[in-house]
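Please walk through the strand pairing, one side chain on an edge, and the nonpolar core of the structure shown here.

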Amino acid sequence: QVQLVESGGGLVQAGGSLRLSCAASGRTFTPYAMGWFRQAPGKEREFVAAINWVGDNTRYATSVKGRFTISRDNAKNTVYLQMNSLKPEDTAVYYCAARASTSGIYTQPTSYNGWGQGTQVTVSS
């Protein structure tokens with residue numbers, strides 16, 4: 001099983017930017033598809049972005065497309081989420097997730113079996 005640790009969250013004004021990182025440790029020699037999800041208070045966890053193992057295929061939620069970019073550096077066992085033009089409705093705890101896969105890309109939380117502890121992102125208006 002891979003262990004995941006998110007970082008980079010914080011408080012930012014609307015229109016600002018943040019870059020989240022997700023560092024993996026443990027069974028990092030296994031190919032993993034990765035995803036970012038978020039959960040706001042009182043709401044279900046929702047898909048944000050996903051990337052395949054090679055990094056040549058990505059998916060985004062409609063609400064973040066054009067503003068967020070997911071990327072990965074497999075040499076560093078790290079996945080990133082660059083978030084630009086942040087809005088108050090982006091406020092949530094952001095989680096990264098992993099699933100062993102050589103080529104797949106997944107948008108459902110039930111497809112993942114490894115999760116980080118989450119990092120808080122707060123966007124003020």
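β7 and β8 pair in the antiparallel sense over six bridges; strands here are DSSP runs (E, at least two residues) numbered from the N terminus, and two of them pair if DSSP finds at least two bridges between them. The model is predicted, with local features needing pLDDT of at least 70 and side-chain atom pairs pLDDT 80 or more, while totals for chains, interfaces and linings use all residues. Residues are numbered from 1 along each chain as its sequence is written, and side-chain values use heavy atoms, without hydrogens and water.

These two strands belong to an open, antiparallel sheet of four, in the order β1-β3-β8-β7. Its edges are β1 and β7, each of which pairs on one side only. From one strand to the next the twist averages 15°.

Arg 72 is found in β7 and stands opposite Val 79 in β8. What is the nearest side chain of opposite charge to Arg 72? It is Asp 73, 8.3 Å away, and Arg 72, although buried, has no salt bridge. Buried means under 20% relative accessible area (1.4 Å probe, protein chains only); a salt bridge needs a side-chain nitrogen of Lys or Arg within 4 Å of a carboxyl oxygen of Asp or Glu. The side chain of Arg 72 does reach the backbone oxygen of Asn 52 at 2.8 Å, and one of its polar atoms lies 2.8 Å from the backbone oxygen of Tyr 32.

The largest nonpolar core (buried Ala, Val, Leu, Ile, Met, Phe, Trp, Tyr and Cys joined through side-chain atoms within 4.5 Å) has 37 residues. Trp 36, Leu 81, Met 83 and Tyr 94 touch the most other members. Strands that each supply at least two residues include β7 (68-73) and β8 (78-83).

Notes: Buried < 20%, exposed > 50% of the residue type's maximum accessible area, 1.4 Å probe, protein only. Axes fitted to C-alpha atoms, helices over the stretch in contact; angles between N-to-C directions. Lys, Arg positive; Asp, Glu negative; His and termini not counted. Polar contact = N/O pair within 3.5 Å; in protein donor to acceptor, adjacent residues only side chain to side chain.
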